[in-house]
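Reader: I would like a close look at a single part of this chain, namely one place where two of its helices meet. Please set that place in the context of the rest of the chain as you go.

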Amino acid sequence: MPEATRLAWRERLALADISALLWGEGVRLRPERLALADADRLGRTGDEDQVIARAGWARRRLTGQGQTLAMPTSSDGVAQFLGRVAHQRPDETESANWKGLPEPLIPAGFDPAGATAWCAAMAGLDHAHPLTRSAAAFHLWRGFGISAQDAWLEPGVVAARVAAMENRGGLSAMPLLAGSEHKLAGQGGGAGERLQTWLTGLTGAAEHAQLTLDWICLLYTSPS
């Protein structure tokens, strides 16, 4: 397909996943709202600005813009992937002048020791299938408390990038959550059961992505 079309479709899939991941955190923002976020700032609160900043970070990572994911091997590598090296959280006296950073603020709960443990655990899975590694990346990220306890966006983005590391179809991230009804992140059972739940969720997300693109094709190629 034409390059412009391919890039647009990749972004459409990324926005759907970001919306679904945020919904997992209790934040309801439709993909259309996220697509217009940079242009539409009227009536937004400070909390919404921070959510939009995180969504913008995820959008760049899932569409392959800027820094791409080489598997972090250290706490500093995780911080670099998160885009949280150059900027620190402003204190209360500075917050009135803060208008938004190129990358989101360090979330509450970021734990360098947890990031180091995550990297060590992922290094032990070098020979596993990327989809297996993506499941481990998600659950271990949350288990080691690298981001806030209720965060879905950061571990979801990392897992989506890990799943696509050997992809040859042009996607920089695996469709992860949209259309899967939040089933991929079940917490019950052992490792085998969690992996099966994860793969079932990825299957649902992939089917949803294909149906979405088929619908777009039909919409724009049908006679008016």
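Author: What follows begins with the chain as a whole, then turns to the chosen helix pair, and ends with two other parts of the chain.

The model is a predicted one, and it should be read with that in mind. Its chain has nine helices and zero strands, so that, taken from the N terminus on, the order of elements is α-α-α-α-α-α-α-α-α. Of its 224 residues, 42% count as buried, while the accessible surface comes to about 12,000 Å², with 56% of that surface belonging to carbon and sulfur atoms. When contacts between residues at least 6 apart in sequence are considered, 62% of them join residues that are at least 24 apart.

The part to examine closely is the meeting of helix 1, which spans residues 3–24, with helix 8, which spans residues 153–163. The axes of these two helices come within 9 Å of each other and cross at roughly 140°. Because angles over 145 degrees would be needed to count as roughly antiparallel, the pair is described instead as oblique. As for handedness, helix 1 passes helix 8 in a right-handed crossing. On the side of helix 1, the residues that make the contact are I18, L21 and L22, and on the side of helix 8 they are L153, G156 and V157. Sorted by class, this contact has five nonpolar residues and one polar residue, with no charged residues; the polar one is G156, since Gly is counted among the polar residues.

Ahead of helix 8 in the chain is the loop that joins it to helix 7 (130–143), and F144 lies in this loop. With a relative accessible area of 30%, F144 is partly exposed. Once its neighbours within four places in sequence are left aside, F144 is in contact with D111, G114, A117, W118 and A121. The separation between F144 and P112 is 32 residues in sequence, whereas their C-alpha atoms are 9.8 Å apart in space.

Helix 4, covering residues 75–82, offers a further view of how residues are covered in this chain, for six of its eight residues are buried. Those buried residues are S75, G77, V78, A79, F81 and L82. After helix 4 comes G83, whose phi is positive, near 70°.

Note on methods. Residues are numbered from 1 along each chain as its sequence is written. This is a predicted model: local features need pLDDT of at least 70, side-chain atom pairs count only at pLDDT 80 or more; totals for chains, interfaces and linings use all residues. Side-chain values use heavy atoms; hydrogens and water are left out. Axes are lines fitted to C-alpha atoms, for helices over the stretch in contact, and angles run from 0 to 180 degrees between N-to-C directions. Helices (H or I, at least four residues) and strands (E, at least two) are DSSP runs, numbered from the N terminus. Angles under 35 degrees count as roughly parallel, over 145 as roughly antiparallel, 65 to 115 as roughly perpendicular and the rest as oblique. A crossing is left-handed if the near helix is turned anticlockwise from the far one by less than a right angle, and right-handed if clockwise. Contact means heavy atoms within 4.5 Å. Buried means under 20% relative accessible area, exposed over 50%, partly exposed in between (1.4 Å probe, protein chains only). Accessible areas come from the Shrake-Rupley method with a 1.4 Å probe; for residues, only the protein chains shown count as cover.
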